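Biologist: I am new to this structure. Please show it, and then take my questions one at a time.

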Amino acid sequence: MSPDNRPIGIFDSGIGGLTIARSVSQLMPNEQILFFGDTAHLPYGDKSAEAIKSYVSRIADFFIENDCKMILLACNSASAAAYPLLHKLHSNTHPVLNVIDPNVEYVCKKGHSTIGVIGTKATVSSRTYNRKFATSNPELKIKSMATPLLAPMIEEGYFNNNISQTIINSYLSNKKLTGIDALVLACTHYPLIKKEIETYFANQKSKVEIIDSTDVVAAYVKKYIQNKKMSALNGRIPEHQFCVSDFTTSFQKTTNIFYGEAVKLTHIPIWEMLK
């Protein structure tokens with residue numbers, strides 16, 4: 001099979017999905033990434049499912065127009081609301097992956113009995129995790145809770161300090177999460193506060209595995225690409241592209257937080273292009 005050097009399209013409602021883009025890049029250094037952050041419409045956590053479907057459908061078209069070989073919804077809210085639609089529309093020609101299925105598959109192999117899930121209001125209220133866990137392992141007990149302050153807190157740079165630890169502790173001490181033995185971080189922002197979450201449970205002397213979706217999803221994508229024989233040329237040095245639907249200097253600064261290094265954002269006003 002000849003190598004497939006077309007880019008992987010990675011989408012998020014904002015900049016948080018860069019945590020997954022970074023893991024994909026580190027695990028598959030030959031693969032080119034085309035990242036699109038829908039900064040014009042963030043946050044998705046408070047949007048209706050229909051609105052999210054509309055946004056994500058247009059972004060999927062953008063990826064197809066730019067010859068991406070696959071589309072990864074690196075956003076839990078978008079995965080919950082729009083993945084079935086995108087899979088139905090595009091999977092015959094462009095594989096569509098989400099971040100929920102890899103997490104569910106990973107957790108179900110670990111032998112846990114009671115799983116906690118924290119994420120945005122859109123992700124939690126969709127009950128997508130609950131349904132998928134129930135299908136994969138009906139014996140699992142799922143405890144879900146929306147934690148809407150965490151994503152904006154992280155975007156503003158409030159993590160690894162007393163303020164963030166206090167907010168995190170307040171959420172995690174909620175009785176809804178009592179008795180869990182694993183916690184799924186169902187938001188691409190949350191890996192940045194993983195250590196603080198671990199600190200909370202350590203102080204409670206609770207043995208809770210924290211499921212960081214970044215590495216789980218990256219491994220899932222790599223396995224999929226290899227199985228489908230879609231790998232890029234070994235040894236190539238790809239040129240990644242990072243695009244946003246609205247540009248501000250604060251978005252540019254925030255990329256350093258999530259990607260771990262400075263990247264140049266390109267403003268692509270895809271909705272104006274439709275007019």
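Biologist: What is the handedness of the crossing of helix 1 and helix 10?

Modeller: This is a predicted model, in which local features need pLDDT of at least 70, side-chain atom pairs count only at pLDDT 80 or more, and totals for chains, interfaces and linings use all residues. Residues are numbered from 1 along each chain as its sequence is written, and side-chain values use heavy atoms, leaving out hydrogens and water. A crossing counts as left-handed if the near helix is turned anticlockwise from the far one by less than a right angle, and as right-handed if clockwise. For helix 1 and helix 10 the crossing is right-handed.

Biologist: Which residues of helix 1 make the contact with helix 10?

Modeller: Contact means heavy atoms within 4.5 Å. From helix 10 the contact takes Ser213, Thr214, Asp215, Val217, Ala218, Ala219 and Lys222. From helix 1 come Thr19, Ile20, Ser23, Val24 and Leu27.

Biologist: How are helix 1 and helix 10 set to each other?

Modeller: Helix 1 covers residues 18-27 and helix 10 residues 213-227, helices being DSSP runs (H or I, at least four residues) numbered from the N terminus. They pack at an angle of about 50°, with their axes 8 Å apart. Angles under 35 degrees count as roughly parallel, over 145 as roughly antiparallel, 65 to 115 as roughly perpendicular and the rest as oblique. Helix 1 and helix 10 are therefore oblique.

Biologist: And how are helix 4 and helix 10 set to each other?

Modeller: Helix 4 (residues 100-108) packs on helix 10 at an angle of about 100°, with the axes 9 Å apart. The two helices are therefore roughly perpendicular.

Biologist: Which residues of helix 10 make that contact with helix 4?

Modeller: Helix 4 contributes Asp101, Pro102, Asn103, Glu105 and Tyr106. Helix 10 contributes Ser213, Val216, Val217 and Tyr220.

Biologist: What volume does the largest pocket have?

Modeller: On a 1 Å grid over the protein atoms alone, a pocket is an open set of points with protein on both sides within 12 Å along at least five of seven lines, and a cavity is a set where a 1.4 Å probe fits but cannot get out; lining residues have an atom within 4 Å of a point. The largest pocket holds about 490 Å³.

Biologist: Which of its 29 lining residues are closest to the centre of the largest pocket?

Modeller: Helix 3 (76-90), helix 5, helix 7 (150-155) and helix 11 (249-259) each give two or more residues to the lining. Closest to the centre are Pro43, Ala151, Pro152, Glu155 and His189.

Notes
Axes fitted to C-alpha atoms, helices over the stretch in contact; angles between N-to-C directions. Points joined across faces, edges and corners; volume = space filled by probe spheres on them.
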